[in-house]
Amino acid sequence: MEANIVYRIAKGDEKALDAFMDYYSGTLYVYAYGIVGVRETAEEVVSDVFYEVWKNRGRLLEIESMSGYLRTITYRRAVSYLRHESTVPGGVSIDDIENYTVSHIDAPDDALISQEEMAALNRAIDELPPKCRHVFFLAKIDRVPYKEIATLLGISVATINYHVGYAMDALKKKLNPTSLAVWIGILAVMHDF
């Protein structure tokens, strides 16, 4: 379904864009809200993301991971908003965003993972530094290839490896052995090794 919708958007079909927006708007809103913390601003950021998708529709067919692409646009728009609205001279750095949050991970099989284990995992992810969390989320949750993340974020593959490695080490330290086994199982499902 998604490939067909993306193809139709690339050809200028506004109804396909409406379906696309319905499909992604909720997830992107939660993501934007986690960065900006203001409902109206998050809605504006998501609206800007879809405007950018429409404006660049001719290139949509080249994108391998639509979810990763949309998250990156959302991330950049939200940080841009924070920089613009900041009263701090020189704007705001992504490293200065302390309350950045991502939507919690839904377990592939709720019967195998308790709510406490998922809460511990989500807390551990929330405690990662913001940029590390963003790269980790793209690489391990959205399964965006490292080369594509490098292109989207303008950083090297080595930097991506550093962030993912740092995140994995931090998560291993925070999770008990049972949760760690569950975590490895989740990654096996979510990421192609």
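This is a guided tour of a predicted model, going from the whole chain to single residues.

**Before you start**

Residues are numbered from 1 along each chain as its sequence is written, and side-chain values use heavy atoms, with hydrogens and water left out. Because the model is predicted, local features need a pLDDT of at least 70 and side-chain atom pairs count only at pLDDT 80 or more, while totals for chains, interfaces and linings use all residues.

**The whole protein**

Begin with a cartoon view of everything, where you should find nine helices and zero strands; helices (H or I, at least four residues) and strands (E, at least two) are DSSP runs, numbered from the N terminus. Followed along the sequence, the pattern reads α-α-α-α-α-α-α-α-α. Now switch on the surface: the accessible area is about 10,700 Å², and 51% of it belongs to carbon and sulfur atoms, as computed by the Shrake-Rupley method with a 1.4 Å probe, where for residues only the protein chains shown count as cover. Of the 193 residues, 46% count as buried, a word that stands for under 20% relative accessible area, whereas exposed stands for over 50% and partly exposed for what lies in between (1.4 Å probe, protein chains only). Among the contacts (heavy atoms within 4.5 Å) with a separation of 6 or more, 64% are between residues 24 or more positions apart.

**Helix 1 and what covers it**

Next, select Ile5, Val6, Ile9 and Ala10, which are buried residues of helix 1. These residues cover an arc of only 140 degrees around the axis, so they sit on the same side of helix 1; the arc is taken from the directions from the helix axis to the C-beta atoms. Helix 2, helix 3 and helix 4 are included in what covers the buried residues of helix 1. Just after helix 1, pause at Gly12, which takes a positive phi of about 95 degrees.

**The cores**

Which residues touch the most other members of the largest nonpolar core? Select Ile9, Phe20, Met66, Tyr69 and Leu70, which do so within a core of 29 residues. A nonpolar core is a set of buried Ala, Val, Leu, Ile, Met, Phe, Trp, Tyr and Cys residues joined through side-chain atoms within 4.5 Å. At least two residues of this core come from each of helix 1 (2–10), helix 2 (14–36), helix 3 (39–55) and helix 4 (66–85), and helix 2 gives the most, with nine residues. Apart from this core lies another, of 21 residues, including Leu128, Phe136, Leu138 and Met168.

Return to Tyr69 and show what surrounds this residue: leaving aside neighbours within four places in sequence, Tyr69 is in contact with Val53, Asn56, Leu60, Ile63 and Leu152.

**Aromatic rings**

A pair of aromatic rings is described by the distance of the centres and the angle of the planes. Rings of Phe, Tyr and Trp (its six-membered ring) pair if their centres lie within 6.5 Å, with planes under 30 degrees apart counted as stacked, over 60 as edge-to-face and the rest as tilted. By this rule the count is five aromatic pairs. In one of them, the rings of Tyr23 and Tyr24 have centres 4.8 Å apart and planes at 85 degrees, so this pair is edge-to-face. Tyr24 counts as buried, at 8% relative accessibility. Widen the selection to Phe20, Tyr23, Tyr24 and Phe50, which form one aromatic cluster.

Then move along helix 2 to Tyr29 and Tyr33, which lie four residues apart, about one turn of the helix. Their rings are stacked, at 6.0 Å centre to centre and with 25 degrees between the planes. Tyr29 is partly exposed at 24% relative accessibility, and Tyr33 is partly exposed at 39%.

Two arginines are worth selecting too: Arg57 lies over the face of Trp54, at 4.1 Å from the ring centre, and Arg71 lies over the face of Tyr31, at 4.7 Å from the ring centre. Here a charge sits over a ring if NZ of Lys or CZ of Arg is within 6 Å of the ring centre and within 35 degrees of the ring normal.

**Last stops: Tyr146 and His163**

Tyr146 is found in helix 7 (residues 146–153). Leaving aside neighbours within four places in sequence, its contacts include Ile160 and Val164; Tyr146 and Ile160 are 14 residues apart in sequence and 6.8 Å apart in space, C-alpha to C-alpha.

Is His163, in helix 8 (residues 157–174), buried or exposed? His163 is buried, with a relative accessible area of 12%, and, beyond neighbours within four places in sequence, is in contact with Lys131, Cys132 and Val135.
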